[in-house]
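Please walk through this structure with me, beginning with how helices pack within one chain and then moving outward to the place where two chains meet.

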Amino acid sequence: MTTHIAALGLCKSYRKGKIEVPVLHGVDMEASRGELVAVIGASGSGKSTMLHLLGLLDQPDGGRVELDGRRIDDRPDRERDLMRNRTFGFIFQFYHLLPELTALENVMMPHLIRSGLFAYIKERKAIRRDAEEMLERVGLGHRLTHQPSELSGGEMQRAAIARALVGRPEVLLADEPTGNLDAATGQGVLELLRDLNRERGLTMILVTHDQQIANQADRVVRLAEGRIEEWVPALV
Amino acid sequence: MYKYLLCWRYLRTRYIALASVISVMLGVATMIVVNSVMAGFADKMRDRLHGVLADLIVESSSFEGFINYEEVMARIKDVGGDDILAMAPTMETPGIIRFKVGPEYRTQPVQIIGVHPEDRAKTGDFAEHLFDEQGNPIPPSFAVSDELKARSPAGQRLRELRQEEPDAFLDATREYLEKQQDDQVPTHGAIVGYAIATYHLGNDKPDLFLAGMGSKISLAFPKHGRTPEAGLDAFTVVGYFKSGMSEYDSTHVYVPLEQLQRARNLIDPESGKGAVNQIQIKVREGADLDVLADKLQLGMEKLAEKRFRVWTWEQKQGPLLAAVAIEQSILNILLFFIIAVAGFGILAIFSMIVVEKTRDIGIMKALGASTAGVRNIFLGYGLLLGAVGSGVGMIGGLLFVRYINEIEKVLSVILKHKVFDDSIYYFDRIPTLVEPRTVVAIVAGALFIAVMASVWPARRAAKMHPVRALRYE
């Protein structure tokens with residue numbers, strides 16, 4: 001299998017006042033196309049930071065991020081914005097839906113960001129239908145016009161998944177997607193992700209601190225003390 | 001597209017931000033009302049000033065004036081050509097009016113103006129400002145009617161005697177009474193400023209006439225001669241001059257030109273012509289008054305050096321008009337500060353909203369929104385708030401102006417005293433004039449301030465690091 005996305009020697013430190021706190025020092029990892037990789041590690045081990053670097057939300061102090069063998073982390077802002085919109089999909093622990101918008105509007109968001117006013121007017125029906133279909137796929141067909149505050153945690157995460165996938169990204173980056181859900185709901189969300197991964201051939205990187213969840217991935221890596229420490233074969 | 005959606009959604013869900021634009025709204029409304037009322041006053045005042053003063057005035061530098069006014073008028077016609085529509089020779093002199101009110105005499109300084117009433121009417125709105133006791137318009141004439149004569153005490157007695165059989169005693173009485181009547185009702189009429197002749201009671205009561213129609217007034221004025229000497233003459237009140245400009249209505253007394261010339265010893269014994277010290281000129285509409293005034297001044301200099309001065313009506317009233325303009329601009333500056341203060345309100349509330357929206361900004365960036373895009377959300381939001389504030393303010397201001405007289409009535413009832421006292425201005429309604437240019441400038445200024453106030457918060461939002469924004473709790 002070919003490498004789809006890869007981190008090579010990623011370094012990142014944060015500044016807390018005057019002290020530099022190193023978070024990642026030399027993280028190497030890769031995911032093949034269509035692979036579901038789980039990253040586990042204790043809290044504060046830098047899992048989220050790694051995910052942000054992979055998804056171009058942040059820039060590494062050292063090392064590089066490659067997509068299909070091409071370096072992407074040093075691209076200009078415009079291009080990075082575009083890749084976040086088209087290539088990557090993000091899912092967060094706290095769902096991060098926009099509270100002023102309905103579920104449908106939230107899911108339409110990547111399309112809305114992509115298109116200008118006139119492009120939207122031209123394609124609004126297609127955009128809307130796309131978002132509706134995606135919401136139906138995650139089982140929220142009956143919740144289109146609800147505000148996030150009217151949805152349950154599981155529903156919000158499903159809406160967030162629909163939002164992450166509506167723009168047809170190649171890589172899905174999930175940051176503790178079940179971290180805020182009870183076990184049964186979390187399992188449901190996970191199964192949905194697993195199905196979508198198979199259905200669409202999505203490359204998925206799933207960050208979690210839960211071994212149970214990690215075990216459902218194709219492959220598990222452990223992040224500890226700023227490095228990928230060991231490769232754990234998945235126990236399917 | 002997401003920018004418009006979010007601007008719109010924020011506008012509809014953040015009521016606190018709407019509260020911040022209330023001050024913009026009030027500022028815009030106040031500015032529109034103040035400007036409209038002041039423009040209305042200024043316009044009305046200019047109208048009235050212009051109505052009383054002719055377009056151009058050729059004035060003699062000497063108080064005694066000039067005898068050869070026909071020559072001067074011919075010269076004016078020569079220089080001005082078709083632009084000159086009408087001219088009126090005028091003799092204006094300061095003086096004192098005296099008339100009997102009850103047992104006492106009332107005396108006050110006035111401006112005595114000798115005119116040919118028909119000529120004067122052609123050079124301005126003179127005729128439109130003439131009224132009788134009942135407020136009916138009267139023609140521009142100084143003729144003392146028989147009716148007025150009959151109204152005098154002697155006249156009334158004469159009328160009674162007319163019924164009786166004539167005999168020698170009656171004839172003598174009649175002769176005596178006729179003399180008395182001539183004394184009580186002088187041959188020459190005068191049109192007196194309304195505020196001189198009346199007393200304003202206010203509270204919707206009719207004005208009290210101190211010098212009624214047909215009553216006798218005495219005028220004193222300086223006579224022509226080496227040593228100043230007072231001249232005296234008596235006139236009959238045949239009408240009132242009411243222009244609405246209290247400055248004029250309380251000082252002007254119009255009398256027949258020839259009579260004033262005679263009384264002031266200003267008639268040349270050889271030619272029999274009298275002197276005037278002003279020529280009032282009516283100019284074709286659309287002619288440039290300043291240019292024409294300069295041209296006439298030059299023409300007059302050629303006729304006689306330094307003897308004439310040509311004024312436009314605006315120059316004559318320059319200080320008054322300038323004062324109004326200055327008042328208006330100072331008020332505008334002060335009121336604009338209100339909107340500027342509102343701008344800081346928007347700045348403060350916007351900064352809070354940006355903090356509140358920190359995580360949403362992170363989300364949008366994670367979904368691919370650009371820095372410029374995020375900035376434009378908040379700039380657009382500021383513009384939208386400004387538009388709502390100035391739009392509502394504009395509508396409110398215009399409605400207020402439209403119904404200002406009704407509002408004034410309601411306020412007067414509530415406050416139990418007249419808010420707009422018409423006796424001061426003689427306006428029965430508050431004059432307003434909405435200038436579209438001013439309204440546009442006010443609204444544009446308010447929008448500009450609203451946008452300027454949102455620039456800083458919007459930049460801060462745009463610069464936010466997505467990861468830090470996402471982690472923000």
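In this predicted model, a convenient place to begin is the pair H14(B) and H16(B), whose crossing is right-handed. On the side of H14(B) the contact is made by Phe350(B), Ile353(B) and Val354(B), and on the side of H16(B) by Phe378(B), Tyr381(B), Gly382(B) and Leu385(B). Sorted by character, the residues of this contact comprise six nonpolar, one polar and no charged. As for the geometry, H14(B) spans residues 318–356 and H16(B) residues 371–402, and their axes come within 12 Å and cross at roughly 140°. Because angles over 145 degrees would count as roughly antiparallel, that crossing makes H14(B) oblique to H16(B).

H16(B) also packs against a helix at the start of the chain, H1(B), which covers residues 2–13; the two axes lie 9 Å apart and the packing angle is about 45°. H1(B) and H16(B) are therefore oblique to each other, and H1(B) passes H16(B) in a right-handed crossing. From H1(B) the contact draws on Tyr2(B), Lys3(B), Leu6(B), Cys7(B), Trp8(B), Tyr10(B) and Leu11(B), while the residues they meet in H16(B) include Phe378(B), Tyr381(B) and Leu385(B). The residues of this contact of H1(B) with H16(B) divide into 13 nonpolar, three polar and one charged. Phe378(B), Tyr381(B) and Leu385(B) also belong to the contact of H16(B) with H14(B).

H1(B) leads on to the other chain, for its axis and that of H3(A), a helix of residues 103–114, come within 9 Å and cross at roughly 135°. That angle makes H3(A) oblique to H1(B). Here Glu105(A), Met109(A), Leu112(A) and Ile113(A) meet Tyr2(B), Leu5(B), Leu6(B) and Arg9(B), a set that divides into six nonpolar, no polar and two charged residues. Tyr2(B) and Leu6(B) are also among the residues of H1(B) that meet H16(B).

What does the contact between the chains look like as a whole, and how many residues does each chain contribute? Chain B gives 26 residues and chain A gives 28, and the area buried between them is about 2,400 Å², with carbon and sulfur atoms giving 66% of that area. Within chain B, Met1(B), Arg9(B) and Leu367(B) lose the most area to chain A, together accounting for 27% of what that side buries.

Two salt bridges are found across the interface of chain B and chain A. Arg9(B) forms a salt bridge with Glu105(A), in which the closest N and O atoms are 2.7 Å apart.

Definitions and conventions. Residues are numbered from 1 along each chain as its sequence is written. Chains are lettered from A and ligands numbered from 1 in the order in which they are written. This is a predicted model: local features need pLDDT of at least 70, side-chain atom pairs count only at pLDDT 80 or more; totals for chains, interfaces and linings use all residues. Side-chain values use heavy atoms; hydrogens and water are left out. Axes are lines fitted to C-alpha atoms, for helices over the stretch in contact, and angles run from 0 to 180 degrees between N-to-C directions. Helices (H or I, at least four residues) and strands (E, at least two) are DSSP runs, numbered from the N terminus. Angles under 35 degrees count as roughly parallel, over 145 as roughly antiparallel, 65 to 115 as roughly perpendicular and the rest as oblique. A crossing is left-handed if the near helix is turned anticlockwise from the far one by less than a right angle, and right-handed if clockwise. Contact means heavy atoms within 4.5 Å. Ala, Val, Leu, Ile, Met, Phe, Trp, Tyr, Cys and Pro count as nonpolar, Asp, Glu, Lys and Arg as charged, and the others, Gly among them, as polar. Buried area is the accessible area (1.4 Å probe) that two parts lose on being put together, summed over both. A salt bridge is a side-chain nitrogen of Lys or Arg within 4 Å of a carboxyl oxygen of Asp or Glu.
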